[in-house]
Structure formats: structure tokens, C-alpha cells
Amino acid sequence: MKTSFHIGFSLSVFILMLVAVSLPQQSLAQRFGHSNFGGGGGGGRSAPAPSRPAPSFSRPAPAPSRPAAAPSRPAPTVVNRPTEAPVNRSINGGASNFSNHDLNRAPANVHENVTVHQNVDVHRNVNVHENVNVYHSHNQPYHPYAYHPYHPYYWGHNWHPLGFFIASLAADAYLFSLANQQYYYDNGVYYEPSSGGYSVVPAPIGAMVSSLPPGYETTMVGNDYYYYYGGAFYINTGNGYQVVQGPFGAVVTQIPDGAQQQTINGQDYLVYNNTYYQPISQDGQDAYEVVQVN
């Protein structure tokens, strides 16, 4: 009994091994169609011929020296493409006209119709000394113009030029009033009250003094005598000396400090207290003659 069981078991194992060996072959035959096994049935899809060569693994890679795109290849061009019109922008609702400038105006010609010196005459109708003439007294011998340098003159330490300021006057300074203006006279000098003191002023025409200080000059014009001191002319009235305007033709030797030089018709004159003096030479010495200037 046991022997029959072992024989049957062994036989079963053998059959199972045969079945196991035959199963892969059958499956492969089904997979590849197995045309040798009459595979025309529904699952008999033909497999590729086993002799079809596999893709060659020696296929060359792309040549590294393959030339790049030619640099001279022309870029696409647009023939006769019209230029876009500029955008007509506006500012604050206005057209593109900034500060009333015409943007479409042609370039300006800077020198167009410009004549720099057209109708310009620098010296036209210009005469610096126009209507200025110098006259001499007909009662006196004429002294021709003879230029010599101006040297301001001082009449001693008690005499002061125009504009000189002094804090106090001598006790014997003479006070008088003329044309509602107060003056002081001292040693040929005239003063007006000034802030904190007194200032020297020109001798006022019409002023009367009792005497003249030493050093005055006497000049004759026609038949009249005049007295000159410190830039002022006097006449003797019998009661004293009165200041007068400088007479034309009077000749003096000194002009005080403060005179102004003025050129008339190319000649230099000195002006002091509204009186014009012409430089002359008299008896070989420098002098000045009072002249009339219109």
C-alpha cells in the first residue's frame, strides 16, 4: 500500500515537472505567433521576422564640424516701408507747440538780413564843445593861451580851502547875514555853521568886509581897480570891500586849492567859484586871466 502511494506520488511529481517544463515553450509560441504551430487563429499576430537586423549601435553621431548658419545670410528687409508719422502729442490739451515755438519751422538763418553797422554813424552830429566859446575883455590887452600846470595856492596858515571843517572860530570872527543866510568871516575866509562846527564856503557875492588881510593882489580892468585874495574879487566902496564876480580880463597869479580843470576846444581852463581862468604868460611869468565862457 505504501509502495503504491510512493509510486503514485512520484508519478504525480514527474507529471507536474513535465507540465512546468512545457508551459514556457507554449507561452513563447503564443507570444510570437508560432506560425510553425499553425497559428492562424485569433491570437496568432505575426511577429517581426527574427532575422531583421537590430538598429546598428555604430550609427555615427552628428558631425561636430557641421557648419553654423552663414553670417552673411541677409536679414529680412521691408522694402519701401513707410516711416511712421510722429505722434502729435499735446500738453494740457494744446497742440505740440511749446511756448509758441513752431516745431515745423525750417532752421533759422542766423545772419539773414542782418547788417551790424547799417546806418550807424558814431560821430554823427556829436560836438562835445558845441556852442562853447571863450571871449576876452576888449578893454584889456589880449593874452594868448599859454598852458602851465596848476599848483593850488594857500594864503598862510589862517587861510583854508573850500569844504574845510573847523570846530570853533576865533573870538573876533565877524558874523553877518546875507540873503537870509548867516556867515562868518575871518582872515579872508568865509564860513557857514555846520553840524558841530563850521565849514568853509565860497565868498558870497555882495558880502562887505572892513579890510583885507595882507597878501592880496591888485589888478586893473579898464579904468577900474579890483582886489583879489583867496579866490575872491573885491572892489573898494569907500566904506569897505565888497565881494564881486570876477571881471573878464582880470589877471591874477594864483588860483586857490579846490579849482576844477575843464577842457574847452582842446585847451585846459580852471574853474573856481563859477569863474573861468585861462592859463597865460605875463612878463615871462605864469598867470591866469578871467575869461567869459558861453
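What share of the 294 residues in the protein is buried? In this model, which I should say at once is a predicted one, buried residues make up 25% of the chain's 294 residues, and the protein exposes about 22,300 Å², of which carbon and sulfur atoms supply 53%. Its secondary structure comes to 1 helix and 16 strands, and, if we take the contacts with a separation of 6 or more, residues 24 or more positions apart account for 58% of them.

Let me turn to the buried part. The largest nonpolar core has 21 residues, and those that touch the most other members are Tyr 228, Phe 233, Val 252, Ile 255, Tyr 277 and Tyr 288. Two or more residues come from each of strands S5 (189–194), S9 (224–229), S14 (267–272) and S16 (285–293), with S9 giving the most, namely 3 residues. If we look at Tyr 228 and set aside its neighbours within four places in sequence, we find it in contact with Trp 155, Tyr 216, Glu 217, Phe 233, Val 252, Gln 254, Ile 255, Pro 256 and Tyr 277. There is also a second, separate core of 14 residues, among them Ala 203, Ala 207, Leu 212 and Tyr 227.

Now to one of the sheets. This is an open sheet of 5 strands in the order S2-S6-S5-S4-S3, with antiparallel pairing, and its edge strands, S2 (165–166) and S3 (174–178), each pair on one side only. For S3 the partner is S4 (residues 181–186), joined to it antiparallel by 5 bridges, and here Leu 175 stands opposite Tyr 184 in S4.

Note on methods
Residues numbered from 1 in each chain as written. Predicted model: local features only at pLDDT ≥ 70, side-chain atom pairs only at ≥ 80, totals over all residues. Heavy atoms only, no water. Core = buried A, V, L, I, M, F, W, Y, C linked by side-chain atoms within 4.5 Å. Buried < 20%, exposed > 50% of the residue type's maximum accessible area, 1.4 Å probe, protein only. Helix = DSSP H or I, 4+ residues; strand = E, 2+ residues; numbered from the N terminus. Contact = heavy atoms within 4.5 Å. Pairing = 2+ DSSP bridges. Areas by Shrake-Rupley, 256 points an atom, 1.4 Å probe, with all protein chains shown as cover.
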